[in-house]
Amino acid sequence: MEAKNSNQFPFYRNLEHRRTSADIIRDAKKTLRSLSTKRPFTPRDEKRTLFGEMSNRSREARPASTYSIGSRHFEGWESRPVSGTRLSPINNPPALNAESEPKFLPPKPPPEECKHSGHKNIRPHTKLVQPGSEGSEKVRRNKETRDGKDKTQASKRATSEHVVNEDEHINQDGSKQHLVNTDKINEEITEESSFFDLNINPLLDNLFYHKERKAADQICSTAESLYNLLEKENLFGRNYKQRSTILKAVFKLLDFDNADVLLSMAEIILAFRVTGKNLLSTCKLVFKVSRNEQNDPLFLKGHILAQLLQVVPISDPVSCSEALTYCVGTLKLLSGNSSIMKELVHRECIELLTSLLQSINLTVSMDPSVPSANKEQLGHLLIQLTACLRNLVDASSSRQRLLACELIPALSTAMELNLDDGDLILNISRIYSKISLHTDCCTVLAAQRQHYPVALRALNKHITRQDVVVRICFALGNLTAKDDTARVQLFEEKNSLATILNVLQYHLDKFSTSDKTNQSHKANTQNFQMEESVDILIKTVRLIANLSIGETIGPIIAAEHDCVVQLLRILDSFSIDKEDLLVTTVATINNLSYYHSKTSGILAKQLDIAKYLVKLLLPNHMETLIEVSRVFGNLTHQKIVRDFLAEQKVQETFIELLDSDNREVVYISCGVLVNFMADKEKRPVLMQGGGIEKLIEVLRDFGPNDWQLAGIVCQVLLNYSHNIGPEHLYFGYQTTEQLVELLTEFLDEANVHGYITAKPEHTEQSSETTDEVQNLIMEKWENEFCPVAETLLQRLKYHQSVLEPLEVTKDHFPSSFKSTRS
């Protein structure tokens, strides 16, 4: 009898040279897959503003994006920074010792000839260009600018009367006293004044000359000459004595209605390192220009970008928070332009903004007593800063920079310190959703241990904000897809799974409510919110799927019955038009179905799952069909599921799928049929549906190129023929002959080497690569194919003498599945 033959064993029996249970488990784990998905879509703001239309900040509490700005908003008197400290009067001034030697010599009186001169303002040894000379009278200067110059000169004179040139004087007591030579100082002042009048003053005159004629191009050209001259002579900054004169002249040009002119003036003002009101007004002016996208090319000219960037490191984030808000807000708007974005990255904008972010984090964390008004202003600044970084990280060269300057830890700290600020959390989550697409950034982000509890707290805090939730879940899904340590760290956080399931349930309930409302009110806003709800479900379910890959985490999630219930709700609530969500949900069920513990929620709901999945076996939706087939590959280990699927004619469906030219579809179909063949009563369906011929055809077509698939085909046939006597072994004589001949050929090692060397891709590779590939193929052949093929061949030879050919009928099989493999 066949049952007594030593070669007849069930397919799951561990035969000699067959794969061990460890090998089977290893292959089964290959069905556990991390899932990918598209990054959440971020609609571009139609208008350039400091805060988007979706901002939660009230208009009254945030800096305005629309305002008027002109010369009246600037202070011409500013020349030195204000200390902000009021000096106390001296109560008891010390009396001067009349006998002590004076520390400074009085200034020399002017020569007699100068007393009667009409030029009262000219000092000895000084050659100045006269106000009525040809050089300065070519154009008419504004009177206020002239007055400013006169005040400056008067200030210089007053200074020169108290400053003395270095000289050595011997006191009566023999001590030496260094005195100052006024002639030398006068000479320096004269030289500086001469340079101003001969070189700078004419340029200022030309600016007003061209302004009167509304010649914008000439104004910009003259301003460029002025900037280059001041930069060449190193006169920018706060120490140049004519600084105030130049600034007041430039301020008068800020009423000129031309963006190019305004930016030319702004770069001169910023180069002088203005502070206070002038810095704020200049930043607001530049921001106003940047709001018009047509002005973007102007920012690639001149020095305006460089001057904007230098404002960031030299300004205190607390006292200058409003000015920095408009400055960084300008950079944010400009970074939306790809050309300017690349220029900003090249100019180390990421590094500068990261340093500013670290400074703000330090200020807030080290000083809890920061006034609420200052915290609010810092919050406005952080919104602009993170929004700008959000744009900059799109640049190809940004990753090395953001990793080098440690931007990711700074973002994690900012998120933790400002958890209540939904707008800021949104910007940071947008950055995370972008950088988490890259493995190197994922590694750094996964190492930030504080990121996980903060992210979970943010999900709880802002669960109603779809834009925040979808991005946090997306970023966490990216981390858990690539790093097992990230899975463990996230899952070990308190109430992590409960938080994720709470998000899933909240937005599933919200979708159900909005869907009913939307049936009667089909508005665009509602449709967008509905799509965003679907996207949240996809990202949240994907996060669960990626977490379940962990060996210790997966069984716990599978045992969470509420998780399975929510997944079934999705299958029940959505039709195939939401295929992305269905595919993600089914793939998650597949991951969970791998764990066969007694407490598994999948096991408890296996029939319900099978009922939903049968409806998704649709030939025109191949991705969904593949995922459903994977789940059936796990669920059909249970006889109750096999019986239900047999009633639904699912076995016949998988037989038809053997004709597919998709290798994955064929492989999964064979896996499901392996399980069906465990039941004797279901085996005849394989023969009646032409399954034997189809399997042999698969073996012939794929065998030499895919020994793993060839091995599982043999496993189906081996299970089919298990414990069936000669009178019930329905291979047929002719079919058996073909199968014996094919297996004999494939089990010949010389033939296998011939298949390998005959492949054209192997002849084009190097010898080292060819050897490596050949060894890999031979390993697959020896481990995946030979053990089961040899067992099947022995069984076929044993019964070959008594087999007779039989006809095959296909009348009762569905016609929707047709062969697609040529």
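Reader: Why does Leu-324 count as buried?
Author: Happy to start there. In this predicted model, Leu-324 has a relative accessibility of 0%. Buried means under 20%, so Leu-324 falls in that class. Leu-324 is found in helix α10, residues 321-334.

Reader: What is Leu-324 in contact with, leaving aside its neighbours within four places in sequence?
Author: The partners of Leu-324 are Val-311, Val-312, Ser-315, Asp-316, Pro-317, Gly-329, Leu-356 and Leu-381. In addition, Leu-324 and Leu-280 are 44 residues apart in sequence, while their C-alpha atoms are 7.9 Å apart in space.

Reader: Why is Leu-352 called partly exposed?
Author: Its relative accessibility is 24%. Buried needs a value under 20% and exposed a value over 50%, so Leu-352 belongs to the class in between, partly exposed. Leu-352 sits in helix α12, residues 349-366. Not counting residues up to four places away, Leu-352 touches Leu-309, Val-312, Pro-313 and Arg-347. With Pro-313, the C-alpha to C-alpha distance is 6.7 Å, although the two are 39 residues apart in sequence.

Reader: How do you know that α17 is roughly perpendicular to α19?
Author: Helix α17 (residues 439-446) and helix α19 (residues 466-482) pack at an angle of about 100 degrees. Roughly perpendicular covers 65 to 115 degrees, so the pair earns that description. Their axes are 10 Å apart.

Reader: Which residues meet where α17 and α19 pack?
Author: From α17 come Thr-439, Cys-442, Leu-445 and Ala-446, and from α19 come Asn-478, Leu-479 and Lys-482. By kind, the residues of this contact divide into four nonpolar, two polar and one charged.

Reader: What makes the phi of Asn-234 worth pointing out?
Author: The phi of Asn-234 is near 55 degrees, a positive value in a residue other than glycine. Most residues other than glycine have a negative phi. Asn-234 follows α5 and is placed in the loop between α5 and α6 (243-251).

Reader: Is Asn-234 buried or exposed?
Author: Asn-234 has a relative accessible area of 67%. Exposed means over 50%, so Asn-234 is exposed.

Reader: And what about Arg-273, which also has a positive phi?
Author: Arg-273 has a phi of about 55 degrees and is not a glycine. Arg-273 lies in the loop between α7 (259-271) and α8 (276-290). At 33% relative accessibility, between the 20% and 50% limits, Arg-273 counts as partly exposed.

Reader: How many residues does α5 have, and how does its reach compare with the span expected at 1.5 Å a residue?
Author: Helix α5, residues 216-232, has 17 residues. From its first C-alpha to its last, α5 reaches 24 Å, close to the 24 Å expected. Its buried residues include Ile-219, Leu-226, Tyr-227 and Leu-230.

Reader: Which residues touch the most other members of the largest nonpolar core?
Author: That core has 224 residues, and those touching the most other members are Ile-200, Ile-246, Phe-632, Leu-699, Leu-743 and Phe-785. Apart from neighbours within four places in sequence, Ile-246 is in contact with Phe-196, Ile-200, Leu-204, Leu-226, Leu-230, Tyr-240 and Phe-272. Among these, Leu-226 and Leu-230 are buried residues of α5.

Reader: What does the protein chain look like as a whole?
Author: The chain has 38 helices and two strands. Of its 822 residues, 51% are buried. Among contacts with a separation of 6 or more, 77% join residues 24 or more positions apart.

Key:
Residues numbered from 1 in each chain as written. Predicted model: local features only at pLDDT ≥ 70, side-chain atom pairs only at ≥ 80, totals over all residues. Heavy atoms only, no water. Helix = DSSP H or I, 4+ residues; strand = E, 2+ residues; numbered from the N terminus. Expected span 1.5 Å × (residues − 1). Buried < 20%, exposed > 50% of the residue type's maximum accessible area, 1.4 Å probe, protein only. Axes fitted to C-alpha atoms, helices over the stretch in contact; angles between N-to-C directions. Parallel < 35°, antiparallel > 145°, perpendicular 65-115°, else oblique. Contact = heavy atoms within 4.5 Å. Nonpolar A, V, L, I, M, F, W, Y, C, P; charged D, E, K, R; others polar. Core = buried A, V, L, I, M, F, W, Y, C linked by side-chain atoms within 4.5 Å.
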